[in-house]
Amino acid sequence: MSIVIVGAGQAGLQIAESLRRGAYEGRLVLIGDESFPPYQRPPLSKKYLADQMADERLYFRPLEQLEKQQIEFRPQTRVTALDREAREVVLASGERLPYEGLALTTGTRVRPLPVPGADHPAVCYLRGLDDARRLRERLPAAARVLVVGGGFIGLEVAATARAAGKQVTVVEALDRLMARAVAPVVSDHFASLHRARGVEFRFGVGLASITAQADGSFTASLADGSSIQADLLVAGIGVLPNQELAVAAGLECRSGIVVDEYARTSDPRIVAAGDCTWHINRRFAAAHRLESVQNAVDQGKIAAASLLGHSVPYQDLPWFWSDQYDVKLQMVGLSQDHDAALVRGEPASGAFSVFYFKTGALVGVDSINRPAEHMLARKLMQTGAVVPPEAAADPAFDLKTCLPPA
Ligand SMILES: Cc1cc2nc3c(=O)[nH]c(=O)nc-3n(C[C@H](O)[C@H](O)[C@H](O)COP(=O)(O)OP(=O)(O)OC[C@H]3O[C@@H](n4cnc5c(N)ncnc54)[C@H](O)[C@@H]3O)c2cc1C
């Protein structure tokens, strides 16, 4: 018996370790095209970028621990094709590895800036450790940093750059920050936070082109005809799922590799998990793709169970976090199609939550510097507690009383 995992990130490692914990004793190969042991990405835009974390602390496990678990880790190895008929994965070297079970955990890659001049050496992205190292090396010499994209990664980079004393401008094509994920009250709160720290924003306008200057800096021209001079550009304009292997092998794909609630692809021998999947979670009516540690870990466990022949449905609650300066945003649930957003607490105090409802049911909670309320919100959602919207908005109401009896 042999199981091969393509992609040695958060989800890939989770599957490997869950298989061993599930008493799988056969050959287990974990293939990654990066040159590092599996590592955590969240610190790359936070502590690591701020030079407060060594590389070794990013790694989930020392390599010896992978060896101890008899996980054959193959770094710097790219899988170039899946031969489903022969049940083999094909490596860039031409080598073929047989499998009885296969997991695809290939993650995502950054969306490149679609403008003339985007190949300027000052243009950086942030997805992997190599990107973070490059950015960390370049940051000290840059006085002016332009961030394109006011999403989580762009804002975390903006906060880190500002804390390092850089002049920071954020260009966001929409009219508010983190617009796809949070309510306007949260966007406004973070815009005020960044402005108070000295960040400048340009909303509702896109980047049109980048022109090199003789001194190594560049001019960024915006779609409204204005321009910004800067030394370093960090683009955080979203990601694309790494699904080409799956597409070429004839597996069903949409905006991600399509998997069912058991993390199974359209080939019963192949599972997929993490950022690369277009998946079903029993909690939600529609399939979707998520980019989060929670999803990589929890869906990875489901995928491992399926490889072991157990059918465990995916129904974990999504959660996410973002750190900007000393402010922690914690999110639970999926609030995108809410019809009511109620604020609990006073945003001006710096600590509050937003409770999202759809047809009267709680679908998500964003907490800003309220870790205890975030944990309570998780419990409320996990237990399917009925939370009246007016109670959520009333800070004097004890939400614990909404929890079902233990
Ligand atoms: C800067 C940054 C900050 C983040 N902050 C947060 C946060 O605060 N909270 C949170 O919840 N999430 C955060 N995330 C998201 C989180 O890190 C991802 O959701 C998680 O890493 C997804 O895990 P994954 O295993 O699906 O993909 P990845 O970790 O991306 O792993 C996929 C791996 O597969 C490899 N691969 C792809 N194709 C091949 C191939 N053909 N052959 C071999 N290997 C291949 C890739 O190189 C990569 O190493 C952040 C991400 C980034 C980049």
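At 33% relative accessibility, Glu95 falls in the partly exposed class. In this predicted model, Glu95 pairs up with Arg74 in a salt bridge whose closest N and O atoms sit 2.7 Å apart. Glu95 comes from the loop between β5 (88-91) and β6 (96-98), while Arg74 belongs to strand β3, so the bridge ties together parts that are 21 residues apart in sequence.

That pair is one of 24 salt bridges in the structure. Another involves strand β3 as well: Arg27 meets Glu72, with 2.8 Å between the closest N and O atoms. Here the link runs between strand β2 (residues 27-31), which holds Arg27, and strand β3 (residues 72-74), which holds Glu72, and the two partners are 45 residues apart. As for how open these side chains are, Arg27 has a relative accessible area of 33% and is partly exposed. Glu72 comes out at 31% and is likewise partly exposed.

A third bridge spans a longer stretch of chain and brings the ligand into the picture. The side chains of Arg127 and Asp275 meet at 3.1 Å, N to O. Arg127 sits in the loop between β9 (123-124) and α4 (129-138), and Asp275 in the loop between β20 (270-272) and β21 (277-278), so this pair joins parts that are 148 residues apart in sequence. Asp275 has a relative accessibility of just 13%, and because buried means under 20%, it counts as buried. Salt bridges can also share partners, and in this way Glu17, Arg21 and Arg61 are joined into one network.

Arg127 and Asp275 turn up again around the ligand, where they are among the closest residues, together with Asp33, Glu34 and Lys46. In total, 33 residues surround the ligand. Sorted by class, this shell has 13 nonpolar, 12 polar and 8 charged residues. Domain 1 (2-109 + 239-307) and domain 2 (112-235) each supply at least three residues to the shell.

Backbone atoms also come up to the ligand's oxygens. A backbone N or O atom of Gln10 lies 3.2 Å from one ligand oxygen. For Val293, the distance between a polar backbone atom and an oxygen of the ligand is 3.0 Å, and for Trp321 a backbone N or O atom is 3.0 Å from a ligand oxygen. Taken on its own, the ligand has 1000 Å² of accessible area, and the protein covers 95% of it. The elements giving two or more residues to the shell are α1 (10-21), α8 (293-307) and β22 (319-324).

Looking at the overall layout, the domain assignment splits the protein into domain 1 (2-109 + 239-307), domain 2 (112-235) and domain 3 (326-402). Between the C-alpha centres of domain 1 and domain 3 there is a gap of 32 Å.

Two spots in the backbone deserve a mention for their phi angles. Ala23 is not a glycine, yet its phi is positive, at about 70 degrees. Ala23 is part of the loop between α1 and β2. With a relative accessibility of 58%, Ala23 counts as exposed, because the cut-off for that class is over 50%. The other spot is Tyr325, again not a glycine, with a positive phi of about 55 degrees. Tyr325 is found in the loop between β22 and β23 (327-333).

How values were computed:
Residues are numbered from 1 along each chain as its sequence is written. This is a predicted model: local features need pLDDT of at least 70, side-chain atom pairs count only at pLDDT 80 or more; totals for chains, interfaces and linings use all residues. Side-chain values use heavy atoms; hydrogens and water are left out. A residue is near a molecule or strand if one of its heavy atoms lies within 4 Å of it. A polar contact is a pair of N or O atoms within 3.5 Å; within protein, one must be able to donate a hydrogen and the other to accept it, and residues adjacent in sequence count only if both atoms are side-chain atoms. Accessible areas come from the Shrake-Rupley method with a 1.4 Å probe; for residues, only the protein chains shown count as cover. Helices (H or I, at least four residues) and strands (E, at least two) are DSSP runs, numbered from the N terminus. Ala, Val, Leu, Ile, Met, Phe, Trp, Tyr, Cys and Pro count as nonpolar, Asp, Glu, Lys and Arg as charged, and the others, Gly among them, as polar. Domain bounds come from an automatic or database domain assignment. A salt bridge is a side-chain nitrogen of Lys or Arg within 4 Å of a carboxyl oxygen of Asp or Glu. Buried means under 20% relative accessible area, exposed over 50%, partly exposed in between (1.4 Å probe, protein chains only).
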